[in-house]
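Hi there,

Thanks for offering to take this one over. The sequence and the structure are just below, and after them I go through what turned up. Could you open the structure alongside this email and follow along?

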Amino acid sequence: MPIGVIESLDHEARGITRLAGKTVFVDGALPGETVEYASFRRKPNYELAHLVGVLSGSTARVKPRCEHFGICGGCAMQHLEPSAQVAVKQRVLEDSLWHVGRVRPGQILPPIHGEPWGYRHRARLAVRRVSKKDGMLVGFHEWRSSYIADIRSCAVLPPHASALLLPLRELFAALSVAERMPHIEVAVGAHCTALVLRILEPLNARDEDLLRKFADRHEVVFYLQPKGPDTAYRFYPLPGPRLSYALPEFELELDFKPTDFTQVNHSVNRVLVRRTLRLLDAQPGERVADLFCGLGNFTLPIARSGATVLGVEGSAALVERGRENAVANELAGKVEFAVANLFECTAESMAALGRIDKMLIDPPREGALEVVKALGEEGGPRRIVYVSCNPATLARDAAVLVSPKGYRFTAAGVVNMFPHTGHVESIAVFDKA
Ligand SMILES: C[S@@+](CC[C@H](N)C(=O)[O-])C[C@H]1O[C@@H](n2cnc3c(N)ncnc32)[C@H](O)[C@@H]1O
């Protein structure tokens, strides 16, 4: 069995070692450890391997809290102490910025992190009837598998949502559509927990009755989703508690639909919004563009600062929610929203946005290449704050901002939005040189 010394972790939390010039990715191995491993896939340039034994362990290795860790694909890093996870993500960010973009920030921002357990306010859980295992499974997929993990609790879901996993199995087993329900969405708000049932066939009267009784007993709100996400509608209770999250520092409460994009980790999101606002430093009289604005998570806090804000977003449904949230929070006079596909942004469409003093960019994993390319080399926003969920596309876009666009790469730092997973969220600041 080969033995290797682990140099670093990759973005999927696999330990990296070398064997005769080849990179070997070892599941479950940590930086600094000497491990024995067994390869299960061999390619010309790399190998994938299982950890067989730890010969010399890392001081950052901890006992995973969850009994399902290692099988369930929901978490990848529970065996690594949370502050060491942040350090790993910081390194992934800096390595990507340098190797992909050949850029380095002038300053590393202190990492943003929070409570590492019970943070996950939004999750899609697969549902499947199986002949063994009590009839029904409700959970994340197993690691690199289409099987559903047999989880009875989940340490990253809020405890009351985790406690629903077993009762939901029982409920679903009793429904006529048990085999026609591929997944559910869980969305935890400030006043209620919503469960969206993706159903391929309508419910019968008995199913509906079972859902109502379950909702009353477990204090949840059921939504039904017969087709795409936009078809999700509230089923019971009607009327019911409001589904929203709060940004108390900005005296804001934002309503959402459980299928809308919302930041998964509400407490880290609060810190992220606060940090972003501090970095943007929007002043009364300034005009700020919030690109990929979603339902106004940053747009409305920016408007509270006295600046006027233009939120641009690809989803018409989210823009509609943003407008409603602006009205409900008495900010309608300060914000404008527009629907646009920002992957098709051009110099002309950018110029059509009018004067922009500062810009926030918070794109999906694909990044914002067309946006940064469309910025004029003269004029343009004085400061850009870029919130990213993919260091590789951030690095690519940062390279364009630095040259040819002439921005100085002032600062960057990580945000541990998803503890125990390999996801690296980050924030970066660029100033007109
Ligand atoms: C990471 S989310 C950020 C949302 C928001 N800033 C927030 O904090 O809740 C990315 C957003 O980009 C939007 N989006 C994805 N592709 C887009 C596109 N091609 N054009 C415009 N918006 C897009 C998504 O709908 C989503 O709202």
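A definition first, since the hairpins below rely on it: two strands are said to pair if DSSP finds at least two bridges between them. Please also keep in mind that this is a predicted model.

**The domains**

The domain assignment divides the protein into domain 1 (3-61), domain 2 (88-115 + 265-432) and domain 3 (122-188 + 192-236). Taken over C-alpha atoms, the centres of domain 1 and domain 3 are separated by 37 Å.

**Strands β2, β3, β4 and β6**

Start with strand β2 (residues 8-9), which pairs with β3 in the antiparallel sense over two bridges. Leu9 has Gly15 in β3 as its bridge partner. These two strands make a hairpin with four residues between them, and Ala13 there takes a positive phi near 65°.

Next come strand β3 (residues 14-19) and strand β4 (residues 22-27), antiparallel and joined over six bridges. Arg18 stands opposite Thr23 in β4, while Leu19 has Lys22 in β4 as its bridge partner. β3 and β4 also form a hairpin, with two residues between the strands. Which residue in that turn has a positive phi? Look for Ala20, where phi is about 50°.

β4 has another pairing to find: β4 and strand β6 (residues 46-56) run parallel, over four bridges. Here Thr23 stands opposite Tyr46 in β6.

**The sheet of six strands**

An open sheet of six strands follows the order β9-β8-β10-β11-β12-β13, and its pairing is mixed. Which strands stand at the edges? They are β9 (136-139) and β13 (233-236); each has a single partner strand, so one side of each has no neighbour in the sheet. From one strand to the next, the twist averages 25°.

Strand β8 (residues 122-129) runs antiparallel to β9 and is joined to β9 by four bridges. One pair to locate is Ala126 and its bridge partner in β9, Gly139. Across β8 and β9 lies helix α3 (residues 165-174), running at about 135° to β9. Helix α4 (residues 205-218) packs on the sheet too, where α4 touches β12 (220-225) and β13. The direction of α4 makes about 145° with that of β12.

**Peptide bonds after β13**

Two cis peptide bonds are worth finding here. Tyr236 and Pro237 are joined by a cis peptide bond with omega of about -5°, and Pro237 lies in the loop between β13 and β14 (244-247). The peptide bond from Leu238 to Pro239 is cis as well, with omega near -10°. Pro239 is likewise in the loop between β13 and β14.

**The sheet of eight strands**

An open sheet of eight strands is ordered β7-β21-β22-β20-β19-β16-β17-β18, again with mixed pairing. Its edges are β7 (107-108) and β18 (335-339); each has a single partner strand, so one side of each is left without a neighbour in the sheet.

At the β18 end, strand β17 (residues 308-313) pairs with β18 in the parallel sense over five bridges. Val309 has Val335 in β18 as its bridge partner. Helix α1 lies across β21 (407-415) and β22 (425-432), running at about 155° to β21. Helix α7 (residues 316-328) packs on the sheet and touches β17 and β18, with its direction at about 170° to that of β18.

**Helices α1 and α10**

Two packed helices are described by the angle between their axes and the distance between the axes. For helix α1 (residues 82-101) and helix α10 (residues 391-402), the angle is about 45° and the axes are 8 Å apart. Angles under 35 degrees would count as roughly parallel, and 65 to 115 as roughly perpendicular; α1 and α10 are therefore oblique to each other. Their crossing is right-handed.

Which residues of α1 meet α10? They are Val92, Leu93, Ser96, Leu97, Val100 and Gly101, and on the α10 side they meet Pro391, Ala392, Ala395, Arg396, Ala398 and Ala399. The residues of this contact divide into nine nonpolar, two polar and one charged.

One last stop is the loop between α1 and β7, where you will find Arg102. Arg102 is not a glycine, yet its phi is positive, at about 55°.

Have fun exploring!

Terms used
Residues numbered from 1 in each chain as written. Predicted model: local features only at pLDDT ≥ 70, side-chain atom pairs only at ≥ 80, totals over all residues. Axes fitted to C-alpha atoms, helices over the stretch in contact; angles between N-to-C directions. Parallel < 35°, antiparallel > 145°, perpendicular 65-115°, else oblique. Left-handed = near helix turned anticlockwise from the far one by under 90°. Contact = placed C-beta atoms within 7 Å. Nonpolar A, V, L, I, M, F, W, Y, C, P; charged D, E, K, R; others polar. Domains from an automatic or database assignment.
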